[in-house]
Amino acid sequence: MLTIENSWKNIVPICGNHKERVEMVINNGPHSMFYSCPKYYPENRTKEERACNNRINLIEYRKMIDKLMGMIAEAEVNGETIDLTNFKWSSKGTEYKVLEHSGDKLYVQILNLRAMKR
Ligand SMILES: [Zn+2]
């Protein structure tokens, strides 16, 4: 069962800026932790690739988890199982889409449009 405790490892954030699945990585910023695209850093991309500014702070990330967990919990209360594959929403200039929901694993595509404009 997907619980709040294990949701952090069962939810995989995917950068929405690439055709292939690029997993976002957690970083320690000067003020707080955040998830960013590994392709922000030159060592993670080829010479032709542009730097990717996609990122999400932990407050918004937490809200994303709460939203998904809330929907799953509600379905469980009703004795249903929910398949969130292709579920989309947006919040504060960031777009989210569940690419794949299989078992307890959720791959969520994240695209922070405000960060991309910079
Ligand atoms: Zn990216």
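Two strands count as paired if DSSP finds at least two bridges between them. In this predicted model, an open sheet of three strands follows the order 2-3-4, and its pairing is antiparallel. Strand 2 (25-28) and strand 4 (55-57) are the edge strands; each has a single partner strand, so one side of each has no neighbour in the sheet. From one strand to the next, the twist averages 30°.

The pairing of strand 3 (residues 33-36) with strand 4 is antiparallel and rests on three bridges. In one of the bridged pairs, Y35 has I56 of strand 4 as its partner. Helix 2 (residues 58-77) lies across strand 3 and strand 4, and runs at about 85° to strand 4.

The loop between strand 3 and strand 4 contains Y41. Y41 and A51 are ten residues apart along the chain, and their C-alpha atoms are separated by 6.8 Å. Y41 has 13 other C-beta atoms within 10 Å; a residue counts as exposed at 12 or fewer and as buried at 20 or more, so Y41 is partly exposed.

Two loop residues further along have a positive phi. N86, in the loop between helix 2 and strand 5 (88-91), has a phi of about 75° although it is not a glycine. N86 has 10 C-beta neighbours inside 10 Å and therefore counts as exposed. K92 sits in the loop between strand 5 and strand 6 (94-102). K92 is not a glycine either, yet its phi is positive, at about 50°. With 11 other C-beta atoms within 10 Å, K92 is exposed.

Note on methods:
Residues are numbered from 1 along each chain as its sequence is written. This is a predicted model: local features need pLDDT of at least 70, side-chain atom pairs count only at pLDDT 80 or more; totals for chains, interfaces and linings use all residues. Helices (H or I, at least four residues) and strands (E, at least two) are DSSP runs, numbered from the N terminus. Axes are lines fitted to C-alpha atoms, for helices over the stretch in contact, and angles run from 0 to 180 degrees between N-to-C directions. Two residues are in contact if their C-beta atoms, placed from the backbone, lie within 7 Å.
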